[in-house]
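Subject: Handing over the structure

Hi,

As promised, here is the structure we talked about. Have a look at it first, and then read on for what turned up.

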Amino acid sequence: MKKILNPLVLWLCSLSSAFALSTLNVDQLAQQYIPSAYIGIVVMDAKNGQILYSRNANKDFSPASTTKVLAAFAALVQLGPNYTYKTQALIDVTQLKNHILHGDLTLQFNGDPSLTSEDVKELVKMLLSAGIQEIDGNIILDNTRFQGSPYPLGIEYEDVNWYYSAPATSIIIDQNKATIQLIPAHKIGQKATIKFKQNAQYMTWNNQVITVSEKQAAHHCQLILEVSDKNQVHLSGCWPIRGAASELDIVVKNPTLFAQKIIQENLTKYKIKFNGHFVTGKTPKLAKRQVAYHESAPISKLIKTMLKDSNNLYARILGKTLGEKIFQNPSIQEGANAIKKILFERFNVNLNGSKIYDTAGTGYTLLTPMQMAQTLYAAYHSPYKTTLIDALPKSGWLTDGTFEQDYIYKKYLPPHVYAKTGSMKSTSTLAGYITTKKGKTLIFTIYTNHVAEPLKYARKMQTRICKELQEMY
């Protein structure tokens, strides 16, 4: 693929800022909304790469989830938009006689981030169609594709118990999460109750949460969540008597045990007798007959979930897949290294000075606003332009994704913004494309770090900048 971007030219343009946004007073907006924050901005003409405005363009920032743009683009380039993940059941066909499998059944999991418990149910049901009514051996869960650490560097301890930090493993069902409803008692001081929602029945629960006033919950105590490697959940601390979201998505830390329970439930449902045990291991060489099969949607659709919903698990699985493809090492770190290699060799986007440890974007990751803008420019001039832009959250009449989920973006962003949001403690970022009233497409990166104020004020500043850009061009 032709190299279309010269970073040196763009860097020189950023120094001159010959077409600086003279009527956009970023200092004034920053003072109004987030006076203590560290701010980096790049605005670029998407057609020719001209730098229209820059501020701290080549300084390091925490990009948060805008990092997922790099993962999506690199995956489209390297794996192709039609790449899929396959889950299958395999047997040695010589061991199947009179509807009895006199040997092992292997369920080969390949890291499909979109695999659901309903899909697993259908896989088990397919065994009947293949003539299997009884399994006299073991069920081997092949989880070997993505071994190694399921977590990236920089993940925070308190995050690992929540769904957005679900382990990136070969076995993924319902994004490795369980959902409950936490219901406060009618009186302060009494224990809250748990109502099981999706997959909660496959976990073990210990609830010691006490109902308190809203003031007590806001300033003096908190909900404490601990999940063990055996999927045992301990809830303690407090929960407000009113005013809190009641549905909680809890991480499944042991996807293998989780899968066993779901599979066993469906074997019983379809009256398939199972005489052996669940074991983990690699698919046997003689297990060549496919008796059940599920294929994910292609990457062109998977990145929509990743970008619009800012799904960390999808991003880390794509990263591991890229690491496997480029370095024969399916780790999250090698996935990040693969992104650098792919974008440099194919588009001359130089990310070597960046610090990328996670394809989803943890606190350790550092990127410059210019590097993100250069990536967006390369994507805009690539064959994957439309696919990537369609996968980003969009504003306007059909607002979706994280724009729909956040009140500030939903209310204040002008229409025709296609951009990825990012949010962590003291960090709010926004990067993507905007169509102006004159029909020009601009690329923009707005990074705000070290925000002492509530993050809604950083988002208000971002929306103000987007409005100004739309009016000025």
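Ala 89 has Ala 292 in β18 as its bridge partner. Before going further, please keep in mind that this is a predicted model. The pair belongs to a stretch where β3 and strand β18 (residues 289-295) are joined by six bridges and run antiparallel. Strand β3 (residues 86-91) also pairs with strand β6 (residues 105-108), again in the antiparallel sense, over three bridges. There, Gln 88 has Gln 108 in β6 as its bridge partner. As for surroundings, β3 is mostly covered, with five of its six residues buried.

If you follow the chain on from β6, you come to Gly 111, in the loop between β6 and α4 (117-129). Gly 111 counts as buried because its relative accessible area is 0%, and the cut-off for buried is under 20%. Gly 111 and Phe 146 are 35 residues apart along the chain, yet their C-alpha atoms are separated by 7.1 Å.

Now for the sheets. One is an open sheet of five strands in the order β2-β1-β21-β20-β19, with antiparallel pairing. At its edges are β2 (51-55) and β19, each of which pairs on one side only. On average, and ignoring direction, neighbouring strands of this sheet are turned by 5° against each other. Within the sheet, eight bridges link strand β20 (residues 427-435) and strand β21 (residues 441-449) in the antiparallel sense. A good spot to click on is Gly 432, which stands opposite Phe 444 in β21.

There is also an open sheet of four strands, and its order is β4-β5-β7-β16, with mixed pairing. Its edge strands are β4 (96-97) and β16 (273-274), each pairing on one side only. A parallel pair in it is made by strand β5 (residues 100-101) and strand β7 (residues 134-135), joined by two bridges. Ile 100 has Glu 134 in β7 as its bridge partner. As background, strands of a sheet pair through backbone hydrogen bonds, either parallel or antiparallel.

Two helices are worth a look. Helix α10 (residues 369-380) has twelve residues, which should span 16 Å at 1.5 Å a residue; its end C-alpha atoms are 17 Å apart, so the two values agree. α10 is mostly covered, and twelve of its twelve residues are buried. Among them are Pro 369, Met 372, Leu 376 and Tyr 380.

Helix α3 (residues 67-78) also has twelve residues, with an expected span of 16 Å at 1.5 Å a residue, and its end C-alpha atoms are 17 Å apart, which agrees. α3 is mostly covered too: eleven of its twelve residues are buried. The buried ones include Thr 67, Lys 68, Phe 73 and Val 77.

What about backbone angles? Most residues other than glycine have a negative phi. Gln 175 is not a glycine but has a positive phi of about 55°. You will find Gln 175 in the loop between β8 (139-142) and β9 (177-183). Its relative accessibility is 23%, so Gln 175 counts as partly exposed. Asn 231, likewise not a glycine, has a positive phi of about 65°. This residue sits in the loop between β13 and β14 (232-240). With a relative accessible area of 1%, Asn 231 is buried.

Finally, the pocket. How much space lies in the largest pocket? It holds about 1,500 Å³. The pocket is lined by 41 residues, and the closest to its centre are Asp 159, Tyr 164, Asn 312, Ser 423 and Met 424. The elements that give two or more residues to the lining are β13 (223-227), α8 (312-327), α12 (401-405) and β19 (417-424). β19 is thus a name you have met already, as an edge strand of the five-stranded sheet. Sorted by class, the lining of this pocket has 13 nonpolar, 17 polar and eleven charged residues.

Have fun exploring, and send over any questions that come up.

Best wishes

Conventions. Residues are numbered from 1 along each chain as its sequence is written. This is a predicted model: local features need pLDDT of at least 70, side-chain atom pairs count only at pLDDT 80 or more; totals for chains, interfaces and linings use all residues. Side-chain values use heavy atoms; hydrogens and water are left out. On a 1 Å grid over the protein atoms alone, a cavity is a set of points where a 1.4 Å probe fits but cannot get out, and a pocket is an open set with protein on both sides within 12 Å along at least five of seven lines; lining residues have an atom within 4 Å of a point. Grid points are joined across faces, edges and corners, and a volume is the space filled by probe spheres set on the points. Ala, Val, Leu, Ile, Met, Phe, Trp, Tyr, Cys and Pro count as nonpolar, Asp, Glu, Lys and Arg as charged, and the others, Gly among them, as polar. Two strands pair if DSSP finds at least two bridges between them. Axes are lines fitted to C-alpha atoms, for helices over the stretch in contact, and angles run from 0 to 180 degrees between N-to-C directions. The expected span of a helix is 1.5 Å times one less than its number of residues. Buried means under 20% relative accessible area, exposed over 50%, partly exposed in between (1.4 Å probe, protein chains only).
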